[in-house]
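Please walk me through this structure in the viewer. Tell me what to select at each stop and what is there.

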Amino acid sequence: MSSPNEPAPPPVPFTAEEYRARMARAAESAGAAGLAGVVVAPGPDLVHLTGYRPVSTERLTLLVLRPGEEPVLVVPTLEAPDAAAATGAPALALRDWTDGTDPYAVTAPLLGDRGRFAVSDNAWAMHLLGLQRALPGTTYTALTEALPMLRAVKDTAELERLAAAGAAADATYEEILKVRFSGRREIDVAADLAALLQHFGHSQVDFTVVGSGPNGANPHHEAGTRTIERGDMVVLDFGGLKHGYGSDTSRTVHVGEPTAEEQRVHDIVREAQQAGCAAVRPGVACQEIDRAARAVITESGYGERFIHRTGHGIGVTTHEPPYMIEGEEQPLVPGMCFSVEPGIYLPGRFGVRIEDIVTVTEDGGRRLSTTARELAIVE
């Protein structure tokens, strides 16, 4: 990993041809699933497919992908220059509409009178309802339900970005161990985490969980004004986007020496996390990762205190399919990236969580987080 004074060079930008291939795969996948096409609103799916990142507003912007058809992006006229400047623009056709005209009249011919379409989850209700009014013969389903694998398998360039984000999160953790915890508020340590993530190249910080003492028993505790004390277990969970791809790391530290029980609980979670990571290999169902981690915690007598799934996918967002949870039978495929993050939460006392991002390789799995998982002692 490059030192803070020698930052790694930025990754090679994606090309129009790469975006063309992504849009073609999405359209083909829709056809294979029996859908007429895919309708994509501003958000992570549009960024992934085209490289275009507009602000989502009441003005309709919509990418239409249909099997065997040229991709078309419908945009407001005042935003057309920005859309045309996107990296993926040469791989699609642009259709614009002006204020005072009906954007659905421009969009409707692209979809046809009938058919079932997958629509990106973050599409505005007013836009979807507008399409339904214009095209009463069409129906819609959520994109992540219809095509959950759309962004799940990463190519080499995407894996490089995820690895860089993971390295930046690792560097952040190494530095946070050097700061003082006791006598400071959770929000102060959270601010340190955010500043470090940005220092190491993150353009966006999505979360900085600092759960000290009893607050650590809440997995998604927002850092608050509680003053961290000696004797506290502290859950740290932080991440965001670097070069457009996510990081997400959890480690649990202790202020001063832990009790025997605290050390034991941490050891159990570390063993469970290792079991989950060791279970990763192509062809294994996602639920088997959850089962492997959960079995260790259950056999140790804390099964009821592991209260969330074992993991989630990561890519252009920090949470996306696939999910490592009981009932998810999707087989793992090389290039998938997801978290493995078991935890034990003892209400009113403390919590422990350890998390790494893992990518599926041709013969197993590889962690993108490399910092020590032992219980670190901080001051």
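What radius of gyration does the chain have, and what would a compact globule with 379 residues have? The model is a predicted one. Select the whole chain to begin: its radius of gyration is 23 Å, which agrees with the value near 21 Å for a compact globule of 379 residues. Along the principal axes, the C-alpha atoms fill a box of roughly 70 × 40 × 35 Å.

Next, switch to a cartoon view. The chain has 10 helices and 18 strands. Turn on contacts between residues at least 6 apart in sequence: 66% of these join residues at least 24 apart.

Now show the surface. The chain exposes about 15900 Å², and carbon and sulfur atoms supply 51% of that area. Of the 379 residues, 53% are buried.

Then select the charged side chains. There are 33 positive and 51 negative charges, and the mean positions of the two sets are 1 Å apart.

Finish with the cysteines. The structure holds 0 disulfides. Select C277 and C337: the sulfur of C337 is the closest cysteine sulfur to that of C277, but at 13 Å the two are too far apart for a bond, because a disulfide needs the sulfur atoms within 2.5 Å. Move on to C286, which is in no disulfide either; its nearest cysteine sulfur, again that of C337, is 12 Å away. Are C277 and C286 buried or exposed? C277 counts as buried at 10% relative accessibility, and C286 is buried with a relative accessible area of 0%.

Notes: Residues are numbered from 1 along each chain as its sequence is written. This is a predicted model: local features need pLDDT of at least 70, side-chain atom pairs count only at pLDDT 80 or more; totals for chains, interfaces and linings use all residues. Side-chain values use heavy atoms; hydrogens and water are left out. Helices (H or I, at least four residues) and strands (E, at least two) are DSSP runs, numbered from the N terminus. The radius of gyration is taken over C-alpha atoms; the globule rule is 2.2 Å times the number of residues to the power 0.38. Buried means under 20% relative accessible area, exposed over 50%, partly exposed in between (1.4 Å probe, protein chains only). Contact means heavy atoms within 4.5 Å. Accessible areas come from the Shrake-Rupley method with a 1.4 Å probe; for residues, only the protein chains shown count as cover. Lys and Arg count as positive and Asp and Glu as negative; His and the chain ends are not counted. The place of a charge is taken as NZ of Lys, CZ of Arg, CG of Asp or CD of Glu.
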